[in-house]
Amino acid sequence: MFRIFGLSFLVTIAALVVAFLYGGPQALLLTAILGILEVSLSFDNAVINATVLQRMSQFWQRMFLTVGVLIAVVGMRLVFPLAIVWITAGLDPVKAMDLALNPPAGGAKYFPDGSASYETLITAAHPQIAAFGGMFLLMLFLDFIFDGERELTWLSWIERPLQKIGELDRFPIVVALVALVLTGTLAAHTVDESKTVFIAGILGTVTYLVVNGLGEFFHVEEMEEEAERARSGPSELAKVTGKAAFFLFLYLEVLDASFSFDGVIGAFAITADPIIIALGLGFIGAMFVRSLTVYLVEKGTLSEYVYLEHGAHWAIGALAGILLYSIHTEVPEVVTGLIGVVLILAALASSIVRNRREGDGAEGDAPVSAAQRIDA
């Protein structure tokens, strides 16, 4: 256990020390709060990461757990918020960082000259961020829930009918586009915001289709090639390598980015300081997501608790809905976090009940010895 989570705890301690040296007790407290927030929001992220990661070869697993985590820490938690300011305000990176580190006095949204603060610029970009991330996650959820080839179901009373409907070709895309139209027309506040939501939502959908589609295409192609070479001996046909693994790597990065949108945006309700956000969300949060992912893969938790993947996908569906709804009305982070945690804990409990039921069934089928009959 320490081998898996030890580095995360060490990084957490280091991040808290840096936060204290950077801004004293207040920065230390804010960093700790953001770290807890990110970890609480990331259980479903770790489960989904593990389901994809266990399909990849050892090399690509290490790539994601090193390079991928670095991208998550630096790219999403530090560069991404700054990039939004660069694009929306037309500022160069140095000025954007200066704007982030020097907010208006008293936490005001605007400077005395009328220019917007860093936090205000980030908040103004929320509709396109939520539309992109919401549609990407919604497509992931719909592809899972409408998959007619999936034999095991968790909430069978709803999943079985949806699987039947999913036999219609491209039905997940139809549902996603309907959801986008409803979001753009009902959730957006203005015509311009509606256009922004439509464009960002379409880009999120296209990104999912392209990255996921390329990964599946090269996976099938390389499986066929590997099968030809492996007729004389055992082979890890289930492990994805080469081009297929590369596109799965890209898929995981976009997926992590989509999961991060709500946390990054929600962090600005606590602080606009990019250093504190990077320490709390990036170093503490991302490292624990990494450790949770490694734990799930190495311990075979997904195979033992078979409904965890289902619970994570339902949590993704809930998060997608929340992101799209938040374009119109702000949703507290505690609601977002609790929904995901509750769904995953419910899936875990269902898995435990199922395992015990199957265990009892196996014991009931076992032959009873004479001594056992006498004792009875």
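A salt bridge is counted here when a side-chain nitrogen of Lys or Arg lies within 4 Å of a carboxyl oxygen of Asp or Glu. The structure is a predicted model, in which local features need pLDDT of at least 70 and side-chain atom pairs count only at pLDDT 80 or more, while totals for chains, interfaces and linings use all residues. Residues are numbered from 1 along each chain as its sequence is written, and side-chain values use heavy atoms, with hydrogens and water left out.

A search of the whole structure yields 2 salt bridges. One of them joins Arg 150 to Glu 159, with the closest N and O atoms 3.0 Å apart, and both Arg 150 and Glu 159 are buried, a word that stands for under 20% relative accessible area, against over 50% for exposed and the range in between for partly exposed (1.4 Å probe, protein chains only). The other links Arg 354 with Glu 358, whose closest N and O atoms are 3.2 Å apart; these two residues both belong to helix α14 (residues 333–365), where they are 4 residues apart, about one turn of the helix. Helices are DSSP runs (H or I, at least four residues) numbered from the N terminus. Glu 358 has a relative accessible area of 46% and is therefore partly exposed.

The interior can be approached through the largest nonpolar core, a core being a set of buried Ala, Val, Leu, Ile, Met, Phe, Trp, Tyr and Cys residues joined through side-chain atoms within 4.5 Å. Of its 65 residues, those that touch the most other members are Met 56, Leu 137, Leu 138, Ile 145, Tyr 251 and Leu 255. Helix α6 (residues 126–145) gives the most to this core, contributing 12 residues. When neighbours within four places in sequence are left aside, the contacts of Leu 137 (heavy atoms within 4.5 Å) include Leu 255, Phe 259, Ile 316 and Leu 323. A second, separate core of 23 residues has Met 76, Ala 96, Tyr 118 and Ala 257 among its members.

A further buried residue is His 313, which lies in helix α13 (residues 308–325) and counts as buried because its relative accessibility is 5%. The side chain of His 313 reaches the backbone oxygen of Glu 309 at 2.9 Å, and, not counting residues up to four places away in sequence, His 313 touches Ile 48, Leu 140, Phe 141 and Phe 144.

Notes:
Polar contact = N/O pair within 3.5 Å; in protein donor to acceptor, adjacent residues only side chain to side chain.
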